[in-house]
Amino acid sequence: MPSGEPPLTETAQCLLEEFTRHRPGQRTDYRKNTRTLTILLYWLGAETAVFERDVHALARIDVNLAAKPVCQFLRARGLLVEDPDLRRDANLAWIESTLTALPETVASEVGTWVKVMREQGRREGEPRGYDGIRRYLTTLQPTLTAWTTTADVNSLRQITKDHVENAVDGLSGYARRGLATALRSLFRALKRERVIFRNPARDLPVGDLKGIPKSVPSDLLMGLLDYASPPLGRLVVASASIHALPGHEIRTLHTTDLNLSRGTLEVRRGLLRHTLYMEELTRQLAADWTAYRHLRWPASANPHLLVSQKTAVDPDHPAVNIGTLRAALPKGLTLGGLRQDRILNEAFESADPLKLMRLFGITEQTAMRYVGAAHPERTAKLPR
């Protein structure tokens, strides 16, 4: 690149100015996207289409270059030659490469489990994302490798109850629970698809599911809304600490699910819907956020209720990152902890599992756990 501003043709300069107008609010000292497009236009010009793989190859040269926003801009104007290999899901690519390392029969059986998780099996339902399947397969990979290399397993039909119990033996805590959950998911799916005759993980316990929920110390809760940066942080805090919404549901809320006139918010839970009735505080916080969002990003077409500076202008309309939500909380607090504290507080007040189920949309088992933690004298087994 020449020193200073590189000389561009008139067409290239107009294209660069249009790109800058569509990305307002960039810091002058950190213009990854503008710099990337400038280099491309300087070397390749604006008269011909750019190969997508060239944009990504350029971005790998320097950390101060970015590929995705430039590709989106060029694609919208018909100036990008797309590369299908670059547009494949990274988690799917990892899953496929992991399956190729397994014996053919075992890889085929695990691939059947992946299809069931994607709801491509005998039954219909809500498909799991490739990111979740990858987490499960990451947990399963060492066990599958050990079975196929040291135990001479050529098919998962050879796996017995002893194999499964030995796999989790010696593990504890989250490691044991994660592996046990993944094994149960794997063999349950294979049994449903009639790949195996008997489910060896059917009676495998996944850990201590009767752990007592813990409340958040009151000193951490004091001034929580004052600490949260308005208005996004305040709405996140209210959603978790008042309405007990988990983080993955908060980040995937849609603007069409919010009805300020009625004071309701519809939460999507797979094929089900849970209607949340907002009290005056949450309703006001939601109204403040929608007003702020419209003022800050008036042209944003992202359907998600919560957006950030990056996701608001992203043409792919992604959900806001979970780290953005966590950043709204003070040190020592988590979204899961706030949700747990809210449900436990309600259990102390009412001791009615049906009310907890209706209010928070939780299952019967979860509601009974919270009632048991809040009122152990009512649920303790009486001596004979």
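**Burial, salt bridges and strand pairing in a predicted model**

Modeller: Of the 384 residues in the protein, 40% are buried. This is a predicted model, in which local features need pLDDT of at least 70 and side-chain atom pairs count only at pLDDT 80 or more, while totals for chains, interfaces and linings use all residues. Residues are numbered from 1 along each chain as its sequence is written, and side-chain values use heavy atoms, with hydrogens and water left out.

Biologist: Why is Glu 52 called buried?

Modeller: Buried means under 20% relative accessible area, exposed means over 50%, and partly exposed lies in between (1.4 Å probe, protein chains only). Glu 52 has a relative accessible area of 3%, so Glu 52 is buried.

Biologist: What makes Arg 75 and Glu 52 a salt bridge?

Modeller: A salt bridge is a side-chain nitrogen of Lys or Arg within 4 Å of a carboxyl oxygen of Asp or Glu. The closest N and O atoms of Arg 75 and Glu 52 are 3.7 Å apart, so the pair qualifies. Arg 75 lies in helix 4 (residues 68-76) and Glu 52 in helix 3 (residues 52-59), so the salt bridge ties together parts that are 23 residues apart in sequence. Helices (H or I, at least four residues) and strands (E, at least two) are DSSP runs, numbered from the N terminus.

Biologist: Which residues form a network with Arg 75?

Modeller: Arg 75 also forms a salt bridge with Glu 82, at 3.2 Å from N to O. Salt bridges with shared partners thus join Glu 52, Arg 75 and Glu 82 into one network. Arg 75 has a relative accessible area of 25% and is partly exposed; Glu 82, at 40%, also counts as partly exposed. The whole structure holds 11 salt bridges.

Biologist: How do you know that strand 3 and strand 4 pair?

Modeller: Two strands pair if DSSP finds at least two bridges between them. Strand 3 and strand 4 (residues 264-269) have two bridges, in the antiparallel sense, and therefore meet the criterion. Asn 259 has Thr 264 as its bridge partner, and Leu 258 stands opposite Leu 265. The two strands form a hairpin with four residues between them, and Gly 263 in the turn has a positive phi of about 70°.

Biologist: What makes strand 3 and strand 5 edge strands?

Modeller: The open sheet of three strands has the order 3-4-5, with antiparallel pairing. Strand 3 (258-259) and strand 5 (272-277) each have a single partner strand, so one side of each is left without a neighbour in the sheet. Strand 4 and strand 5 pair over six bridges, one of which joins Glu 266 to Thr 275. Their hairpin has two residues between the strands, with Gly 270 in the turn at a positive phi of about 65°.

Biologist: How do you know that Arg 273 and Glu 266 form a salt bridge?

Modeller: The closest N and O atoms of Arg 273 and Glu 266 are 4.0 Å apart, which places the pair within the salt-bridge definition. Arg 273 is partly exposed at 41%, as is Glu 266 at 32%.

Biologist: Why is Ala 244 called buried and His 317 partly exposed?

Modeller: Ala 244 has 0% relative accessibility and so counts as buried, whereas His 317, at 29%, is partly exposed. Ala 244 has a positive phi of about 55° although it is not a glycine, and phi of His 317 is near 55°. Most residues other than glycine have a negative phi.
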